[in-house]
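Please take the sequence and the model shown below together, and read the exchange that follows with both in view.

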Amino acid sequence: MLTHVRRRSLVDDAIDMMRTEVENGTWPVGTRVPTEADLAALLKVSRNTVREAVRVLAYAGILDVRQGDGTYVSNINDPADAIRRIGEAKLRDRLELRLVLDEAVARLAAERRDFEDIARIATTLDALSEQPANLHDMLFDERFRAFHLAIADASHNAALGALYRLLASSIDQAYASGAAHHRRGPLAKTGSKARRSQPDLREHRALFDAVVQQSPDDAANAARRLLAPILAAAD
């Protein structure tokens with residue numbers, strides 16, 4: 001069956017070419033980019049196309065349009081592009097990154113947790129009285145998500161917490177789109193091997209205890225033991 005292929009517009013091409021000039025250092029941060037007329041000639045497009053491309057890049061935070069002064073490079077990286085690349089990465093790559101982040105937030109949580117953090121994590125741990133039937137259900141279980149987000153918040157690193165939530169959401173979307181119509185996906189295994197590899201409540205308690213006892217190494221190791229089965233099940 002033929003599918004519709006979206007054609008790239010001249011604005012898309014202009015955006016990509018201008019972004020490349022920023023990323024390869026031709027236009028360093030803080031420098032003024034060529035004028036609208038010069039860009040139109042350089043990119044071989046109309047000034048309206050340049051104007052729209054600049055507007056998009058300004059909205060992304062890469063360019064800064066200063067009325068009466070010109071347009072300057074304000075940032076090398078496009079956050080939207082980074083989000084898109086994460087969303088397009090292979091599921092296993094995203095799970096590996098999740099494992100790295102889980103170890104990082106667990107280590108920081110053990111170093112920085114306060115009494116409020118401990119109480120919040122303990123509350124989410126108490127909710128884990130019953131295990132889901134399989135790894136797929138565990139990943140989507142709100143109780144398990146709440147536990148891991150409480151650990152992430154205890155790291156007291158806003159940037160790391162935001163990245164953690166972004167990645168968790170990206171993984172959720174990947175399974176929602178792939179497993180919704182194919183329920184027996186990589187984490188929907190119901191065999192004995194998947195059940196044996198499933199993290200149990202004792203392992204969650206081990207992570208909680210390591211955070212309470214302020215043992216970063218033990219916390220990182222516990223986080224790895226918790227997430228490793230999910231990564232293995234995705235193979």
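What follows is a set of questions from a reader, each answered by the author.

Reader: How are the residues numbered, and what kind of model is this?

Author: Residues are numbered from 1 along each chain as its sequence is written, and side-chain values use heavy atoms, with hydrogens and water left out. Local features need pLDDT of at least 70, side-chain atom pairs count only at pLDDT 80 or more, and totals for chains, interfaces and linings use all residues, since this is a predicted model.

Reader: How many helices and strands does the protein have, and in what order do they run?

Author: Helices (H or I, at least four residues) and strands (E, at least two) are DSSP runs, numbered from the N terminus. On that basis the protein has 12 helices and 2 strands. From the N terminus on, the order of the elements is α-α-α-β-β-α-α-α-α-α-α-α-α-α.

Reader: What percentage of the residues counts as buried?

Author: Buried means under 20% relative accessible area, exposed over 50%, and partly exposed in between, with a 1.4 Å probe and protein chains only. The accessible surface of the protein, from the Shrake-Rupley method with a 1.4 Å probe and with only the protein chains shown as cover for residues, comes to about 13300 Å², of which 54% belongs to carbon and sulfur atoms. Of the 235 residues of the protein, the share that counts as buried is 41%.

Reader: Which element gives the most residues to the largest nonpolar core?

Author: A nonpolar core is a set of buried Ala, Val, Leu, Ile, Met, Phe, Trp, Tyr and Cys residues joined through side-chain atoms within 4.5 Å. The largest one has 35 residues, and those with the most contacts inside it are Ile-121, Phe-147, Ile-151, Leu-207, Val-211 and Ala-219. Two or more residues come from each of α5 (91-112), α6 (115-126), α8 (142-153), α9 (158-179), α11 (201-212) and α12 (216-233). The element that gives the most, with 8 residues, is α5.

Reader: Which residues is Ile-151 in contact with, leaving aside its neighbours within four places in sequence?

Author: Contact means heavy atoms within 4.5 Å. Ile-151 is among the residues with the most contacts inside the largest core. Leaving aside its neighbours within four places in sequence, Ile-151 is in contact with Val-105, Ala-106, Ala-109, Ile-121, Leu-207 and Val-211.

Reader: How many residues does the second, separate core have?

Author: In soluble globular proteins, nonpolar side chains tend to be buried together. The second core is separate and includes Val-11, Ile-15, Ala-40 and Leu-43, and its number of residues is 19.

Reader: Is helix α2 roughly parallel or roughly perpendicular to helix α3?

Author: Axes are lines fitted to C-alpha atoms, for helices over the stretch in contact, and angles run from 0 to 180 degrees between N-to-C directions. Helix α2 (residues 36-43) and helix α3 (residues 47-59) pack with their axes 9 Å apart and at an angle of about 105°. Angles under 35 degrees count as roughly parallel, over 145 as roughly antiparallel, 65 to 115 as roughly perpendicular and the rest as oblique. Therefore α2 is, with respect to α3, roughly perpendicular.

Reader: Which residues of α2 and α3 make this contact?

Author: By class, the contact of α2 with α3 has 4 nonpolar, no polar and 3 charged residues, where Ala, Val, Leu, Ile, Met, Phe, Trp, Tyr, Cys and Pro count as nonpolar, Asp, Glu, Lys and Arg as charged, and the others, Gly among them, as polar. On the α2 side they are Glu-36, Ala-37, Leu-39 and Ala-40, and on the α3 side Arg-47, Val-50 and Arg-51.

Reader: Is Thr-71 buried or exposed?

Author: Thr-71 is found in strand β2 (residues 70-73). Leaving aside its neighbours within four places in sequence, Thr-71 is in contact with Thr-31, Arg-32, Val-33, Val-54, Leu-63, Asp-64 and Val-65. With a relative accessible area of 14%, Thr-71 is buried.

Reader: What is the phi of His-156, which is not a glycine?

Author: Most residues other than glycine have a negative phi. His-156 is found in the loop between α8 and α9, and His-156 is partly exposed, with a relative accessible area of 42%. Its phi is positive, at about 55°.

Reader: What separates the C-alpha atoms of Pro-216 and Leu-108?

Author: Pro-216 is found in helix α12, and, not counting residues up to four places away in sequence, Pro-216 touches Arg-107, Ala-110 and Glu-111. Pro-216 and Leu-108 are 108 residues apart along the chain, and their C-alpha atoms are separated by 6.9 Å.
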